[in-house]
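Me: I have a structure open and want to go through its contacts. Can we take it step by step?

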Amino acid sequence: MKRQPTGELLWGVIVETEAYCQSEPACHGYRRRTPSNETLFGEPGRFYVYVSYGIHHCVNVVTDRVDWANGVLLRAVQLPGEPERVAAGPALLARRFSMDRSHDAQQLEPALGLWIAARPAHWPLLALGDLLQTTRIGISQGQELPWRWYLRTSRSVSRRARGDRPPPKQQDWPGQWGSAGWVVDL
C-alpha cells in the first residue's frame with residue numbers, strides 16, 4: 001500500500017513473488033556484501049530496491065535475519081479498477097508505486113507511506129490450487145529452484161508457467177472487490 005500525497009491509498013494484491021537467498025547464485029548477496037546490496041544484509045522488514053539493466057527499478061522485501069542476504073522480489077500486483085497488466089512485472093510494479101532507489105532500506109511502515117498489509121478478514125481464503133509454485137524467471141543462474149509463487153486466478157501475473165492459462169476475465173480473483181474496494185482504518 002502507498003499513501004499518496006493527496007492522502008488516498010494506492011493498493012493492490014501481491015499476486016506474484018520470487019525468493020532469493022545468499023546461498024544461491026541468483027541472489028545479489030551471493031558473492032559478497034557491497035555498498036549497493038548492503039540493505040539485503042540488513043534488518044528484515046525493509047525494502048531493497050535495485051536497478052536492473054541500468055534502467056528498471058525492482059522492489060524486494062528483506063527477510064530472515066541480519067547479516068544474511070535474503071529477500072522476496074515483488075513481481076506483480078493486481079490493482080482494483082486499473083488495467084490488469086499495469087503492475088504485471090517487477091519494473092511495472094515499481095513504476096506504478098513510484099518506487100526507486102530513494103526507497104532502498106526504508107521500513108515497511110504505514111507511517112512512512114509504503115507498507116504491506118494483511119489480507120482483510122472478510123476476503124475468502126485461497127483454495128488449494130490457487131497458488132502455483134514454480135521456478136524463477138528472468139535470471140541466468142539458479143533458475144531451477146522452485147522459489148517463485150503466483151496466484152493462478154489472477155490475470156496480473158507477469159508470466160505464467162507453461163500450460164497454465166489465465167482465467168477468464170469474469171473469474172479473475174478477487175471478483176468480490178466491487179467498486180468500494182478495501183477500506184483501511186489507520
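**Charged pairs, sheet and rings**

Reply: The side chains of Arg33 and Glu38 form a salt bridge, 2.9 Å from N to O. Keep in mind that this is a predicted model.

Me: Is Arg33 buried or partly exposed?
Reply: Buried needs a relative accessible area under 20%, and exposed needs over 50%. Arg33 has 38%. Its partner Glu38 has 37% and counts as partly exposed. Because 38% falls between the two limits, Arg33 is partly exposed.

Me: How many salt bridges does the structure hold?
Reply: Side chains of opposite charge can pair when their charged atoms come close. The cut-off here is N to O within 4 Å. With that rule, the structure holds 13 salt bridges.

Me: With which residue does Arg46 form a salt bridge?
Reply: Arg46 is partly exposed at 22% relative accessibility. The partner is partly exposed too, with a relative accessible area of 39%. The closest N and O atoms are 3.3 Å apart, and the partner is Glu43.

Me: How many residues apart are Arg75 and Glu16?
Reply: Their side chains meet in a salt bridge, 3.0 Å from N to O. The pair links distant parts of the chain. Arg75 sits in strand E6 and Glu16 in strand E3 (residues 13–21). The separation is 59 residues.

Me: Why does Glu16 count as buried?
Reply: The limit for buried is under 20% relative accessible area. Arg75 passes with 9%. Glu16 is buried because its relative accessibility is 1%.

Me: Which residues are linked with Arg75 in a network of salt bridges?
Reply: Arg75 and Glu16 meet in a salt bridge. The network holds both of these residues. Linked with Arg75 are Glu16, Glu18 and Arg148.

Me: Which strands are the edge strands of the open sheet?
Reply: The sheet has 6 strands, with antiparallel pairing, in the order E4-E5-E6-E3-E8-E7. An edge strand pairs on one side only. Neighbouring strands are turned by 25° against each other on average, direction ignored. The edges are strand E4 (47–52) and strand E7 (131–134).

Me: What is the bridge partner of Phe47 in E5?
Reply: E4 and strand E5 (residues 56–62) run antiparallel. They are joined by 6 bridges. In E5, Phe47 has as its partner Val61.

Me: What is the angle between the planes of Trp11 and Trp123?
Reply: A pair of aromatic rings is described by the distance of the centres and the angle of the planes. The count comes to 2 aromatic pairs. One of them is Trp11 with Trp123, at 6.2 Å centre to centre. This pair is tilted, and its angle is 45°.

Me: How many residues apart are Trp11 and Trp123?
Reply: Trp11 is in the loop between strand E2 (9–10) and E3. Trp123 is in the loop between H1 and E7. Both are buried. The pair links distant parts of the chain, 112 residues apart.

Me: Leaving aside neighbours within four places in sequence, with which residues is Glu82 in contact?
Reply: Glu82 lies in the loop between strand E6 (70–78) and helix H1 (90–96). Glu82 is partly exposed, with a relative accessible area of 24%. Contact needs heavy atoms within 4.5 Å. Beyond its sequence neighbours, Glu82 is in contact with Leu10 and Arg96.

Terms used. Residues numbered from 1 in each chain as written. Predicted model: local features only at pLDDT ≥ 70, side-chain atom pairs only at ≥ 80, totals over all residues. Heavy atoms only, no water. Helix = DSSP H or I, 4+ residues; strand = E, 2+ residues; numbered from the N terminus. Buried < 20%, exposed > 50% of the residue type's maximum accessible area, 1.4 Å probe, protein only. Pairing = 2+ DSSP bridges. Axes fitted to C-alpha atoms, helices over the stretch in contact; angles between N-to-C directions. Phe/Tyr/Trp six-rings, centres within 6.5 Å; stacked < 30°, edge-to-face > 60°.
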